[in-house]
Amino acid sequence: MKKYLFVLTLLAFCANGVEAQTKPLSLADAYRDYWYTGVSVNQWQVAADPSGSNEHDVTGQVSNDQTADWPLIVDNFNFVVAENCMKCEVIHPKEGVYDFTLADQFVDKAKAAGKKVLGHCLIWHSQCAPWFHFDKDGKPVSAEVLKKRMREHIFTIVSHFKGRVDAWDVVNEGFEDDGTPRKSLFYQILGTDYIPLAFRYAHEADPNAELYYNDFSMNKSTKVEGVAAFFRPLIQQGLPITAIGMQGHMILEDNVDNSLIKEYEHSIETIAALGVPTFFSELDLSVLPNPYGFSGANVSDRFAYRPEMDPYKDGLTKAHEAKISQYWVDFYKMLLRHHKDIIRVNYWCLNDANSWRNDFPIKGRTDYATLFDRQGRLKPFVQQLIDLVGKK
């Protein structure tokens with residue numbers, strides 16, 4: 001009897017070993033010695049919304065129950081960031097009122113799965129609660145009042161998640177594409193001082209958290225060089241900033257002769273020269289026509305729908321699929337050349353169905369911008385990226 005049980009145990013052990021050996025290597029596992037591989041997570045992937053409510057027109061709400069996506073997130077990524085539930089309008093909708101409900105659900109579920117968590121974002125002109133910059137009479141507040149509000153906002157949120165959130169996007173999208181400061185209400189009231197203030201407040205609230213600046217269109221030389229020129233003296237003076245990030249909302253047709261990839265390579269080198277690393281925070285690749293030469297990710301920009309701008313409603317051609325695959329392979333080869341200066345490669349939206357690129361900047365289009373298709377299947381080119389570094 002003992003011999004029989006030993007044989008059964010041995011067979012079970014061997015079966016589990018085979019299963020472990022044959023389990024596909026994820027992108028995160030393949031690149032774990034190079035950088036973290038992350039993804040954004042929407043609130044319906046964390047928990048279903050049984051009410052069926054849709055108070056906001058939020059990108060990614062293809063269903064009020066996307067919890068079936070969670071195992072894919074756990075298996076394929078080691079860093080996660082919330083798409084919307086930690087932004088000011090959600091977490092701090094009124095003065096003195098905080099709602100951590102959705103954010104706590106996200107952070108708790110992520111930490112239970114052993115994932116690193118990025119808080120997104122503390123200071124951003126867009127999706128900022130309407131009360132933040134105005135007094136009870138609707139007039140802009142003074143510089144001292146805005147400083148006080150910023151500090152209280154940052155301290156409350158960062159302290160609430162201290163020890164659970166590993167890093168923060170402290171300031172998001174503070175510069176224009178020409179490299180000059182964005183004339184947001186933060187800037188109009190405080191000038192550029194609001195940027196270093198935000199970093200100092202965040203560092204005081206959690207000295208162990210990594211602190212990032214993040215922006216779009218960082219492939220443009222004017223922008224990345226303007227950002228670098230601004231942060232260079234602050235870094236030399238000891239600003240508590242960990243890294244400067246590039247969103248990476250890319251458009252396939254912009255990559256003529258690999259020009260887009262070369263631009264990002266220049267940007268990586270420009271940021272590394274400051275003495276801090278970089279990361280890609282919101283990677284996706286639109287394959288749709290680029291209307292009017294549009295670039296960037298300014299969420300207020302919109303164009304009217306035209307059928308000729310939506311040519312792939314019934315699927316991509318094989319030629320397009322091949323171009324997409326080659327782009328990602330070339331892009332990753334460039335990243336590998338600079339891997340010592342890159343701390344994270346993060347994708348924005350898990351699959352094509354819930355990608356914001358379907359609605360931006362033209363609502364209602366059908367795009368193919370992510371790593372997973374509309375049925376939640378990993379796209380074949382991901383294996384090509386894994387094969388660049390081999391099994392580890």
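# Briefing: cores, ring pairs and salt bridges

At 3% relative accessibility, Trp 35 counts as buried. The model in which this residue is placed is a predicted one. Trp 35 is among the contacts of Tyr 332, and Tyr 332 is one of the residues with the most contacts inside the largest nonpolar core. The points below cover the cores, the residues around Tyr 332, the aromatic pairs and the charged pairs.

**Nonpolar cores**

- The largest nonpolar core holds 104 residues, and those with the most contacts inside it are Trp 168, Phe 231, Trp 328, Phe 331 and Tyr 332.
- Helix H12, residues 318-337, supplies the largest share of this core, with nine residues.
- A second core, separate from that one, has eleven residues, including Val 81, Phe 279, Trp 348 and Trp 356.

**Tyr 332 and Leu 385**

- Tyr 332 counts as buried because its relative accessibility is 0%, under the 20% limit for that class.
- With neighbours within four places in sequence left aside, Tyr 332 is in contact with Leu 27, Tyr 31, Trp 35, Val 345, Tyr 347, Leu 385 and Leu 388.
- Leu 385 belongs to helix H13, which spans residues 381-389.
- Leu 385 also counts as buried, at 0% relative accessibility.
- On the same basis of leaving out neighbours within four places, Leu 385 is in contact with Leu 27, Tyr 31, Trp 328, Val 329 and Tyr 332.
- Leu 27 and Tyr 31 therefore appear in the contact list of Tyr 332 and in that of Leu 385, where contact means heavy atoms within 4.5 Å.
- Leu 385 and Asp 330 are 55 residues apart along the chain, and their C-alpha atoms are separated by 9.4 Å.

**Aromatic pairs**

- The model has 28 aromatic pairs.
- Tyr 31 and Tyr 332 form an edge-to-face pair, because their planes stand at 70° with the ring centres 5.2 Å apart; the class requires planes over 60 degrees apart.
- This pair links distant parts of the chain, 301 residues apart: Tyr 31 is in the loop between helix H2 (27-30) and strand E1 (36-41), while Tyr 332 is in helix H12.
- Tyr 31, like its partner, counts as buried, with 0% relative accessibility.
- Tyr 34 and Trp 35 make a tilted pair, with 6.0 Å from centre to centre and 55° between the planes.
- Tyr 34 is partly exposed, with a relative accessible area of 21%, whereas Trp 35 is buried at 3%.
- Ring pairs join Tyr 31, Tyr 34, Trp 35, Tyr 264, Phe 280, Tyr 327, Trp 328, Phe 331, Tyr 332, Tyr 347 and Phe 381 into a cluster.
- Among the members of this cluster are Trp 328, Phe 331 and Tyr 332, which are also listed among the residues with the most contacts inside the largest core.

**Charges over rings**

- Lys 183 lies over the face of Tyr 187, at 5.5 Å from the ring centre.
- Arg 374 has its charged end over the ring of Tyr 368, at 5.0 Å from the centre.

**Salt bridges**

- Side chains of opposite charge can pair when their charged atoms come close.
- The count of salt bridges in the model is 20.
- Asp 166 and Lys 116 form a salt bridge in which the closest N and O atoms are 3.8 Å apart.
- Asp 166 is in the loop between helix H7 (143-160) and strand E4 (167-172), and Lys 116 is in strand E3 (residues 116-124), so this bridge links distant parts of the chain, 50 residues apart.
- Both partners count as partly exposed: Asp 166 at 22% relative accessibility and Lys 116 at 29%.
- Arg 151 and Glu 204 meet through their side chains in a salt bridge of 3.5 Å, N to O.
- That bridge runs between helix H7, which holds Arg 151, and helix H9 (residues 194-205), which holds Glu 204; the two residues are 53 apart in the chain.
- Arg 151 counts as partly exposed at 36% relative accessibility, and Glu 204 counts as partly exposed at 45%.
- Arg 306 and Glu 308 form a salt bridge at 3.0 Å, N to O.
- Arg 306, at 29% relative accessibility, counts as partly exposed, as does Glu 308 at 49%.
- Asp 104, Asp 108 and Arg 164 are joined into one network by salt bridges that share partners.

Technical notes. Residues numbered from 1 in each chain as written. Predicted model: local features only at pLDDT ≥ 70, side-chain atom pairs only at ≥ 80, totals over all residues. Heavy atoms only, no water. Core = buried A, V, L, I, M, F, W, Y, C linked by side-chain atoms within 4.5 Å. Buried < 20%, exposed > 50% of the residue type's maximum accessible area, 1.4 Å probe, protein only. Helix = DSSP H or I, 4+ residues; strand = E, 2+ residues; numbered from the N terminus. Phe/Tyr/Trp six-rings, centres within 6.5 Å; stacked < 30°, edge-to-face > 60°. Lys NZ or Arg CZ within 6 Å of the ring centre and 35° of its normal. Salt bridge = Lys/Arg side-chain N within 4 Å of Asp/Glu carboxyl O.
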